Every structure is written in structure tokens, then in C-alpha cells.
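Visitor: I am new to reading protein models, and I would like to go through this one slowly, with a reason for each answer. Could we look at it together?

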Amino acid sequence: MIELVEQPIDIRVLYERVRKDEHGAVVVFVGVVRRRSDDDRSVSGLSYEAYQELAVGEMKVIAQEVVSRFSPCEIAMQHRIGDLKVGEPSVAVAIATAHRAQAFDACRYAIDELKKRVPIWKKEHYVSGEAGWRENCSER
Amino acid sequence: MNRAHGLKKMATQPTSAATEIRVRVLAFARVREIAGASELERAVGSAATLSELWADLVNEMPGLADFSSSIRFARNGQLVDADAPLQEGDEIALLPPVSGG
């Protein structure tokens, strides 16, 4: 399950998708719309848009990299597009492995690469009525 | 583009086919807003590269100049370098710095 979705992300679906009886660890990372922007403005919501074909293709490449680096593991990834409110998940990555260290490492790798490489853009809408496009910085 | 299509085009447009090619340009995020549309069609010289297409677009829409050092390109769904040549019917995506997650 590697996809862009227009409907709210259901974290349990990703969890169920990756978990198998040989796995002792499941890590699920969830990115959520935050109330304050990085420049401390009050956020009312976010809009995400994607170059859909390339975004899904790049997410699949990242998933393959995860599998080849952290095998054996299972991965599921969803990114929401459209208009989101504060508190809604924008992205979720679920990783299942035999033991926890590998699951944390794989999950970190997947979300970091997604934020660097996948052609998705976020526009912040502020309570003031203004809006602005953001750029990702690494490691935040 | 397959060969049959190219020949058909030349037969119907004998004067322009040899000197000009048309590409479809997809714009996203802030670049889409500056361009005023998510999709544009542009003609470029037959040996033009992506850099030349970008220079034409900046000339036409000076607000795009802010992205000249950060813009990336995809051609027909694949990331490519700015020196990549263009072909008739290419779908070119203009990709400003990403902000997913």
C-alpha cells in the first residue's frame, strides 16, 4: 500500500496491512497538521498538491530502498492531498520488522526520503486569511 | 512519439514541423500560481533544451526568476537534467522545492 489519498488517513489500516505473525515490532509514523507554523503564525489548515504520477512512483522507489536496506520488513505509506484541518494526519508510514531497532531505522529513512524527494507541495493557510507555500528543511 | 505520428504531423504542417516543436508544461504549487494555470502549451525551437524552455518562461513571467536556482524538471514522468533536449509532444513538469510530509 503505497499511495496518495484524498480521504482521511486511517492509521489502523496501515498497521493491519504491514503486521504479520513473524513481526515483533511495528512502527507507525504519522505527520499531523500543526497549529503553529515554523515562523510562529497561527495556522487554520494546509492544502497539499502533488505531481501524482511521479509522486507515487518516487514513493514506490523509496519503499523498494527500505525493503532492500532493512529486509526482512513490510512497509505501507500514504500521503494525503487536498485540504486538511489542524490535527489531521497528512502522511503515515508503517513499518513491520522482527525487532524494533530495524523498524525505527526503516521508518525514519522512509519519512526523511519522502520529505526530500517526493513531488508534493504544502500551502499553509493562516488564521489571518493569508497563505504561503513552504519548503522542507531537513531533519525537522 | 512514434514515427508514424511525426510523419503525419509533417504532412499536415509542412512549414513549422521542422523548426518548432510543441510541449505541454505542467506547473505546480507557487510556480502554478505565478503561471496562472496548471497546464500550458508552448512552442520551442526544434533543438531546444529544458533550460531554454525555462528561460523563455522566465522571460514571459518574470516572477518565475525566484525559482531559477531551485527548479527541477521532469519529462514524461521522469526527473531529468536541465540540459535534456525536448521532443514534440513532451510533457514537461516544473517542480519547485518540495514540501510534502
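Guide: We can begin with A:P72, which lies in the loop between α2 (52-70) and β4 of chain A, and we should keep in mind throughout that this is a predicted model.

Visitor: Which kind of peptide bond joins A:S71 and A:P72?

Guide: As a general background, most peptide bonds are trans. The bond between A:S71 and A:P72 has an omega of about 0 degrees, and the name for this bond is cis.

Visitor: Is strand β6 of chain A largely enclosed or left open by the rest of the structure?

Guide: A residue counts as buried when its relative accessible area is under 20%. In strand β6 of chain A, residues 89-97, nine of the nine residues are buried, so by that cut-off the strand is largely enclosed.

Visitor: In which sense do β2 and β6 of chain A pair, and over how many bridges?

Guide: One pair of residues to look at is A:V27 and A:I95, for A:V27 stands opposite A:I95 in β6(A). Strand β2 of chain A, residues 25-32, pairs with β6(A) in the antiparallel sense, and the number of bridges is eight.

Visitor: How many bridges join β4 of chain A to β6(A)?

Guide: Here A:H79 can serve as a marker, since its bridge partner in β6(A) is A:V91. Strand β4, residues 74-80, and β6(A) run antiparallel, and the number of bridges that join them is six.

Visitor: What is the area buried between chain B and chain A?

Guide: The size of an interface is often given as the accessible area lost when the parts come together. The contact takes 19 residues from chain B and 22 residues from chain A. Carbon and sulfur atoms give 55% of the buried area, which is about 1,700 Å².

Visitor: Which three residues supply more of the area that chain B buries against chain A than any other three?

Guide: Together they supply 38% of the area that chain B buries against chain A, and they are B:V98, B:S99 and B:G101.
Their names complete the answer: B:V98, B:S99 and B:G101.

Visitor: Which residue of chain A meets B:E33 in a salt bridge?

Guide: The rule finds two salt bridges across the interface of chain B and chain A. A salt bridge requires a side-chain nitrogen of Lys or Arg within 4 Å of a carboxyl oxygen of Asp or Glu. The side chain of B:E33 satisfies this at 2.4 Å, N to O, and its partner is A:K123.

Visitor: Which element gives the largest share of the side of chain B that touches chain A?

Guide: The elements that give two or more residues to this side are α2 (29-35), β3 (72-75) and β5 (91-95) of chain B. The largest share is four residues, and the element that gives them is α2(B).

Visitor: Is B:A29 buried or exposed?

Guide: B:A29 is found in helix α2 of chain B, and its phi is near 55 degrees, a positive value in a residue other than glycine. Its relative accessible area is 3%, and because the limit is 20%, B:A29 counts as buried.

Visitor: What is the relative accessibility of B:N76?

Guide: B:N76 is found in the loop between β3 and β4 (78-80) of chain B, and its phi, near 50 degrees, is also positive. B:N76 counts as partly exposed because its relative accessibility is 44%.

Notes. Residues numbered from 1 in each chain as written. Chains lettered and ligands numbered in written order. Predicted model: local features only at pLDDT ≥ 70, side-chain atom pairs only at ≥ 80, totals over all residues. Heavy atoms only, no water. Contact = heavy atoms within 4.5 Å. Buried area = accessible area lost by both parts, 1.4 Å probe. Buried < 20%, exposed > 50% of the residue type's maximum accessible area, 1.4 Å probe, protein only. Pairing = 2+ DSSP bridges.
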